[in-house]
Amino acid sequence: MDDNHSDICVIGAGMAGLACATALQRAGRRVRVLDKGRGPGGRMAARRVEIAGETVSFDHGAQYFTARDTAFREAVLQWEQEGFVARWEAASKSAEDPAWVGIPGMNCPIRAMAQDLPVEWAVRAESLSREADMWRIETADRSFTANTVLVAVPAEQAHDLLSDPAATLAHIAGSVVSAPCWAVMVAFADRLAIANDAMRDPAAPISWAARNSAKPGRAGEECWVLHASPERSRELIDLPKEEVGPHLLADFFAQMSTMPVEPIHLAAHRWLYAMPASQKGEPALYETSQGIGIAGDYLHSPRVEGAWLSGNALAQRVLSAK
């Protein structure tokens, strides 16, 4: 076989895809991972910007994660030993159920996982087709083949990719509805008169607000991440990001009953598929006869932990298949 062939091709290098690929590689399988992004992150992305001569990292996607499953907890404790994650007290429910964050950015554990895997970045899988006993993956300028293809991208993207070659899996992914979220990254010259570092109010226009600079290992004097609620995000869904930031910053100050303060940095990012509605069924699905499967938080639970568990479950289904 040529260099573009692999035993298993995992499409998507978010938490689900990398958890799946890691388990398969450790079991001795030849894996290739394709991802359309320029680097690791997915919904655990971190945005690096220069503010007042200092490089600051904003967690504009997932804000933290929990580790309640035994297997995932073991992985997280290993990441803690290696310095990739730390506990964040402000979002923790208790000492026994801590909130975890990557350091110095949420994408740190993703980066660590990707370093040990053959990941091809900036490669978007545009179509899949079955040829004889293998799969062909077409991208903009390259073709890959694999005996097995595992799709670990957001449900809406999985549906589009699988509609022709795997209708049953496509139907399951297509039944998922994901809520959007506008995220705002904002910095101020001085500390705001707000005591709490993390606030959640699902019913408010700003459903989550966090002092990003208060997380372990973060730079920046006074940096915040704001997440609009699904309802507020839908109201602003088609506006340019340059207009969305000021709207949501005004919402934030109104909710905090605080006088508005002029920011020294303001940027917005739109997550179209921020929060999928979980299927509440199998954590991963694999069609043994065709060698194709799907994983993602939408199959388990819309959390970082759910994505890891789904990816690991898919790997185990592949390894146990005859």
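Here is a short chat between a visitor and a guide about this predicted model.

Visitor: What makes the protein chain as compact as a globular protein of its length?

Guide: Let's start with what's in there: eight helices and 17 strands. The radius of gyration is 20 Å, and the globule rule gives 20 Å for 322 residues, so the chain is as compact as a globular protein of that length. Along the principal axes, the C-alpha atoms fill a box of roughly 65 × 40 × 40 Å.

Visitor: Why is Cys9 called buried?

Guide: Buried means under 20% relative accessible area. Cys9 has 1% relative accessibility, so Cys9 counts as buried.

Visitor: And why does Cys223 count as buried?

Guide: Use that cut-off of under 20% again. Cys223 has a relative accessible area of 2%, so Cys223 is buried. Across the protein chain, buried residues make up 53% of the 322 residues.

Visitor: How do you know that Cys9 is in no disulfide?

Guide: A disulfide needs two cysteine sulfur atoms within 2.5 Å. For Cys9, the nearest cysteine sulfur belongs to Cys20 and is 11 Å away. With the cut-off at 2.5 Å, Cys9 is in no disulfide.

Visitor: What about Cys223: how do you know that Cys223 is in no disulfide?

Guide: Try the 2.5 Å cut-off once more. The nearest cysteine sulfur, from Cys108, is 18 Å away, and Cys223 is in no disulfide. A search of the whole structure finds zero disulfides.

Visitor: How many charged side chains are there?

Guide: The protein chain has 31 positive and 40 negative side chains, with the centres of the two sets 3 Å apart.

Note on methods: Residues numbered from 1 in each chain as written. Predicted model: local features only at pLDDT ≥ 70, side-chain atom pairs only at ≥ 80, totals over all residues. Heavy atoms only, no water. Helix = DSSP H or I, 4+ residues; strand = E, 2+ residues; numbered from the N terminus. Rg over C-alpha atoms; globule rule 2.2 N^0.38 Å. Buried < 20%, exposed > 50% of the residue type's maximum accessible area, 1.4 Å probe, protein only. Lys, Arg positive; Asp, Glu negative; His and termini not counted. Charge placed at Lys NZ, Arg CZ, Asp CG, Glu CD.
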